[in-house]
Amino acid sequence: MCEACMDWQHLETFSFGDSPALADELATLVLAGIKTATCWAAVEGVKTEPGKLTVMLSGDGQPLAVIKTVEVTLRRFDEVDASFAYDEGEDDRSLASWREGHRRYFTRLGQFSQDMMLYCERFRIAERLTDL
């Protein structure tokens, strides 16, 4: 089955971030080709694996794109490198801004510690579902 012809309506869905506004902001970066990576606290468990397809939603739940996981690694917060921070595509894409932004994010979720474990995912758009 070609990715461009996939029946995406039966795939698992997700949105980035912890609010509709952040979901929209990060989805815009994905659709622009700027954000090609994400991470989450390892205590949340493994959410994907290479080759898995999921549907990225907007903050109001609209399907925007099918995302294909390319890579998943497990590493400590303080071991995330500049390359991964750049691929996350947020702020000025520097490691310093990544650390600050993600420290705030994981603190809001009650999960932050300097040595917390993260699942770090790289992905690509397999199919756009919107013209945005």
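Helices and strands here are DSSP runs, helices of at least four residues and strands of at least two, numbered from the N terminus. The model they are taken from is predicted.

The sheet is a useful place to begin. Five strands make up an open sheet, in the order β1-β3-β4-β5-β2, and the pairing is mixed. The edge positions belong to β1 and β2, each of which has a single partner strand, so one side of each is left without a neighbour in the sheet. In general, the strands of a sheet pair through backbone hydrogen bonds, in either a parallel or an antiparallel sense.

Strand β5 pairs with two of the strands in this order. With β4 the pairing is antiparallel and runs over 11 bridges. One residue that can be followed here is Ala 65, whose bridge partner in β5 is Arg 128. With β2 the pairing is again antiparallel, over five bridges. Here Trp 40 has Tyr 119 as its bridge partner in β5, and Ala 37 has Arg 122.

Arg 122 deserves a closer look. This residue is in strand β5 and has a relative accessible area of 19%. Because buried means under 20% relative accessible area, Arg 122 counts as buried. Its side chain makes a polar contact of 2.8 Å with the side chain of Asp 87. A second polar contact, of 3.4 Å, joins the side chains of Arg 122 and Ser 83. Leaving aside neighbours within four places in sequence, the residues in contact with Arg 122 include Thr 36, Ala 37, Lys 68, Thr 69, Val 70 and Glu 71. Arg 75 and Phe 84 are also among them, as are Ser 83 and Asp 87.

Another buried residue is found in strand β3, which covers residues 53-57: Thr 54. Its relative accessibility is 10%, so Thr 54 counts as buried. Not counting residues up to four places away in sequence, Thr 54 touches Glu 12 and Phe 14, together with Ala 65, Val 66 and Ile 67.

Gln 114 gives a contrast in setting, as it lies in the loop between α3 and β5. With a relative accessible area of 43%, Gln 114 is partly exposed. Outside the residues up to four places away in sequence, Gln 114 touches Phe 77 and Asp 78. Gln 114 and Leu 64 are 50 residues apart in sequence, and their C-alpha atoms are 33 Å apart in space.

The last feature to visit is the largest pocket, which has a volume of about 720 Å³. Its lining consists of 38 residues, and those lying nearest its centre are Phe 16, Gly 17, Thr 38, Cys 39 and Tyr 105. At least two lining residues come from each of the strands β1 (13-14), β2 (37-41), β4 (63-76) and β5 (117-128). The helices α1 (20-31), α2 (82-88) and α3 (95-108) likewise each supply at least two. Of these elements, α3 gives the most to the lining, with eight residues. By residue type, the lining divides into 14 nonpolar, 12 polar and 12 charged residues.

Key: Residues numbered from 1 in each chain as written. Predicted model: local features only at pLDDT ≥ 70, side-chain atom pairs only at ≥ 80, totals over all residues. Heavy atoms only, no water. 1 Å grid on protein atoms, 1.4 Å probe; cavity = no way out; pocket = protein on both sides within 12 Å on 5 of 7 lines; lining within 4 Å. Points joined across faces, edges and corners; volume = space filled by probe spheres on them. Nonpolar A, V, L, I, M, F, W, Y, C, P; charged D, E, K, R; others polar. Buried < 20%, exposed > 50% of the residue type's maximum accessible area, 1.4 Å probe, protein only. Polar contact = N/O pair within 3.5 Å; in protein donor to acceptor, adjacent residues only side chain to side chain. Contact = heavy atoms within 4.5 Å. Pairing = 2+ DSSP bridges.
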